[in-house]
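Q: I'm new to reading structures like this one. Please take a close look at one part with me, and then show me how the two halves of the story connect.

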Amino acid sequence: MKSTRGQQTGDSFAAILLAAGLGTRMRSARAKVLHELAGAPMIARPLSAIAASGADPIVVVVGYQADLVREAAAAALPGRRLEFALQPELRGTGDSARIGMTALAPDYRGDVLIAYGDMPMLSPASLVKFAADHRRNDAVLSFISVIVKDGGAYGRVVRDADGNVCAIVEARDASAAERAIPEVNTGVYLARAEFLRAALADLKCDNAQREFYLTDIVAIARGRGLKVRACLASDPSEFAGVNSRQELASMEAQIRNQVNDRLMASGVTLVDPASVYISDQAEIAADVTIGPNVQILGRCRIGEGTLIEGTAYLSDVEVGPRCHLKIGVRAEECRIGEESEIGPFANLRAGTDLEGHNRIGNFVETKKAKIGRGTKASHLSYLGDATIGRDTNIGCGVITVNYDGYDKHQTQIGDRCMIGCDTQLVAPIKVGSDVYVASGTTIIREVNDGALVMSHHPQREKPGWIESWRARHGDASGGKSGDR
Ligand code: UD1
Ligand code: CA
């Protein structure tokens, strides 16, 4: 198996993504790379960028919450093969990279890209450009640096009098003079595999954190007279690492702005961009209007001309063109066909499938409900585990009685039915096409096509009853008014 992994082909490079750490500064029981950013675990973003840059194979080093991180990484790139390496003890980025190397073929001789799992803004284009720069300069080791106003916790890039890179010094180990250096290490490296193997084996942990620093490979390369290159990138924000919840929130805002800007540039109206949260996987067509306070999460697709008034939560929903989502729609894992009108205050749960030209009105809840074209449920209904045909009208207060306390049962309703108000359909049940159900009916047996069905109790009337009732309560005045 191993020999097939990581054979060098042309200009390709292998990649190792370091994601074993806990992320102490997050103050969380959850691994840092699992914290959500723009609707997905943080690790999904650098991993996708690395995959898109053409890296192959890709190794992810896991450690803290290894199983969950593995799962999140695999989910980020469905169908793509990933190699995983386990760092049993969190002994630093250098140790992590060394363990990552063991997942490559022992005879792999190409370049290896190393990046950190906490760099969500990384772009494939920058990685491709970086790889080209590394090769053009025939460097043994390259890394991306940026100039920042305040270097904070980043490693500082120390250069000699001729401007050649000598070392990366971690902020905690830096002298005051070194801390004043504005050029910092982003944590994206490319190195030849043979050099990496040797350098990683030589790392020491004689530093402030008693860790093996990956950054020390720079000084090791210089010490051996090898060519090291710091490739200065112009936009520091692309290489920012997330180390705290504050940084996570500000990056969330940054991504959100990028997504909003892209959508507006493509013809989507955002009435108040500051109050909409749209996943970057969402596909939204031109001339969609999105009002305030809207979340569009996961892989939503919204068709052209649709209006989302506001205060909506949509997760993995497909909305056809020219729909109108009134205020207060909550929908997940469902399809809303073209020219449908939903809400106000509707709850479309997973498995709802509206064929088109539907109306689902206020206080209607649907779940695993396949609803045919033109069918309406305008007020106060629960439609669960149901298949309903076309052009049927579901009256106010209709309920599918789908749950018997142990199992869920199916309701089937045909085309062109009038299901009267306050009808209960006790499932499993089937109502044919062109059926008229009188209001207040409890349907417990199959109804045939074309029938009228009712379960009314005969209406009885006792003339003058109210007077004797009041008398029984010693009330001669003729009524209780405001004194109760
Ligand atoms: C690191 C760099 C620093 C650089 C900065 C850029 C080192 C020593 N320092 O610092 O020069 O400016 O990133 O953001 O590399 N990890 C493991 N195993 C470990 C420790 C960490 O896999 O034992 C992983 C973490 O999951 C994380 C990544 O390595 O994804 C970086 O670790 P982190 O602790 O965030 O490094 P920084 O202190 O930010
Ligand atoms: Ca970091």
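A: Cysteine 417 is buried, because its relative accessible area is 1%, under the 20% cut-off. Keep in mind that this is a predicted model. Which cysteine sulfur is closest to that of cysteine 417? The closest one belongs to cysteine 421, but at 15 Å it is too far for a bond. Cysteine 323 is buried as well, with a relative accessible area of 2%. The closest cysteine sulfur to that of cysteine 323 lies in cysteine 334, and 11 Å is too far for a bond, because a disulfide needs the two sulfurs within 2.5 Å. The structure as a whole holds zero disulfides.

Now let's turn to how the domains meet. The domain assignment gives domain 1 (14–239) and domain 2 (252–453). The contact between them takes six residues from each domain. Their centres, taken over C-alpha atoms, are 46 Å apart. About 640 Å² is buried between domain 1 and domain 2, and carbon and sulfur atoms give 52% of that area. On the domain 1 side, Ala38, Arg45 and Met121 supply 64% of the area buried against domain 2, more than any other three residues.

Arginine 45 deserves a second look: it forms a salt bridge with aspartate 280, with the closest N and O atoms 3.0 Å apart. One salt bridge is found across the interface of domain 1 and domain 2. Two residue pairs in polar contact are also found across that interface. The domain 1 residues that touch domain 2 divide into three nonpolar, one polar and two charged.

Technical notes
Residues numbered from 1 in each chain as written. Chains lettered and ligands numbered in written order. Predicted model: local features only at pLDDT ≥ 70, side-chain atom pairs only at ≥ 80, totals over all residues. Heavy atoms only, no water. Domains from an automatic or database assignment. Contact = heavy atoms within 4.5 Å. Buried area = accessible area lost by both parts, 1.4 Å probe. Salt bridge = Lys/Arg side-chain N within 4 Å of Asp/Glu carboxyl O. Polar contact = N/O pair within 3.5 Å; in protein donor to acceptor, adjacent residues only side chain to side chain. Nonpolar A, V, L, I, M, F, W, Y, C, P; charged D, E, K, R; others polar. Buried < 20%, exposed > 50% of the residue type's maximum accessible area, 1.4 Å probe, protein only.
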